[in-house]
Amino acid sequence: MLVTGIGIQCFQQITGIDAMVYYSPRIFKDAGIKDTSSLLAATIAVGITKTSFILVAIILIDKLGRKPLLYVGTIGMTICQFITGASLSLHIRGQMGAALTILSVCGNVAFFSIGIGPICWVLTSEIFPLRLRALATALGSIGNRVCNGLITMSFLSMARSITVGGTFFLYAALSALSVAFVYALVPETKGKSLEEIEMLFRGQSNLRRRGVELGEADHDIVLGK
């Protein structure tokens, strides 16, 4: 439970969402947008997109479930960040380059807002037993804030070292890793009671334990024990 709860909180931040929001004017400048009014309009579009798609997540989260939205969000973020990195690395200039970068940045924010953005907080409020919830949620929040600080403070340094485009390729790789994390360690909690969710985690633990025991038994057979 702790690995899932803290992990989802950390992945929410290390995939680079706040760096993209905080430094969107810098990103758009690298895409060739120089006019101050255009920079402001593009930055406002990012904020509007983020707020709008959180409302979409509120509508869908109890209809589709947590895990489907996490898949859609993390896969979408991976694609959008790769497009952002490619657009900036290939130095696509003019209206086409600017439009592609704006669309990919807004797309990344949209996928974040219907997926890992709100759902990580829902999951951490659902997966922990009541006796441990306050402490475990606090640990997850600490992980979230620490990762937020690391990502936002390192963005400019990474942009100088590996370029802004290269930085988004790195974020795309981390987003792809978050897809694997969701697949392997995040259960579906829609419509389940606290007892049922606890049994889900106990079931995973028991399966892993049985797998270890079977592996040890096979090893003993090979050695003739």
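What share of the 225 residues in the protein is buried? Buried residues make up 43% of them. Here are some notes to help you find your way around; please keep in mind that this is a predicted model.

1. **The overall picture.** Start with the secondary structure: the protein has nine helices and zero strands. Reading along the sequence therefore gives you the pattern α-α-α-α-α-α-α-α-α. If you draw a box around the C-alpha atoms along the principal axes, the box comes to roughly 70 × 45 × 30 Å.

2. **Contacts across the sequence.** Take the contacts in the protein with a separation of 6 or more: 83% of them join residues 24 or more positions apart. Being apart in sequence can also go with being apart in space, and R145 and T84 are a pair to look at: 61 residues separate them in sequence, and their C-alpha atoms are 25 Å apart.

3. **The nonpolar core.** In soluble globular proteins, nonpolar side chains tend to be buried together. Here, the largest nonpolar core has 41 residues, and those with the most contacts inside it are I8, I27, L70, I116 and F168. Helix α8 gives the most to this core, with 10 residues. Try clicking on L70: leaving out residues up to four places away in sequence, L70 touches I8, G115, I116, I119, L123, V182 and V186.

4. **Helices α1 and α7.** Now look at α1 (residues 2-14) beside α7 (residues 116-126): their axes come within 9 Å and cross at roughly 160°. An angle over 145 degrees counts as roughly antiparallel, so that is how α1 and α7 run with respect to each other. The crossing of α1 past α7 is left-handed. On the α1 side, the residues that meet α7 are G5, I8, Q9, F11 and Q12, while α7 brings I116, G117, C120, W121, L123 and T124. Sorted by type, the residues of this contact are six nonpolar, five polar and no charged.

5. **Helices α5 and α8.** A second pair worth turning around on your screen is α5 (residues 66-89) with α8, which pack at an angle of about 165° with their axes 8 Å apart. That angle makes α5 roughly antiparallel to α8. Their residues in contact divide into 16 nonpolar, 10 polar and one charged. As for handedness, α5 passes α8 in a left-handed crossing.

6. **An unusual backbone angle.** Most residues other than glycine have a negative phi. T163 is not a glycine, yet T163 has a positive phi of about 75°. You will find T163 in helix α8, which spans residues 130-185. Is T163 buried or partly exposed? With 44% relative accessibility, T163 counts as partly exposed.

7. **Two charged residues to compare.** R145 lies in helix α8, and E198 lies in helix α9 (residues 194-223). R145 has 48% relative accessibility and so counts as partly exposed. E198 has 17% relative accessibility, which means that E198 counts as buried, since the cut-off for buried is under 20%. Which residues does E198 contact, leaving aside neighbours within four places in sequence? They are M1, P129 and R131. With residues up to four places away left out, R145 touches Q13 and D18.

Key: Residues are numbered from 1 along each chain as its sequence is written. This is a predicted model: local features need pLDDT of at least 70, side-chain atom pairs count only at pLDDT 80 or more; totals for chains, interfaces and linings use all residues. Side-chain values use heavy atoms; hydrogens and water are left out. Axes are lines fitted to C-alpha atoms, for helices over the stretch in contact, and angles run from 0 to 180 degrees between N-to-C directions. Helices (H or I, at least four residues) and strands (E, at least two) are DSSP runs, numbered from the N terminus. Angles under 35 degrees count as roughly parallel, over 145 as roughly antiparallel, 65 to 115 as roughly perpendicular and the rest as oblique. A crossing is left-handed if the near helix is turned anticlockwise from the far one by less than a right angle, and right-handed if clockwise. Contact means heavy atoms within 4.5 Å. Ala, Val, Leu, Ile, Met, Phe, Trp, Tyr, Cys and Pro count as nonpolar, Asp, Glu, Lys and Arg as charged, and the others, Gly among them, as polar. Buried means under 20% relative accessible area, exposed over 50%, partly exposed in between (1.4 Å probe, protein chains only). A nonpolar core is a set of buried Ala, Val, Leu, Ile, Met, Phe, Trp, Tyr and Cys residues joined through side-chain atoms within 4.5 Å.
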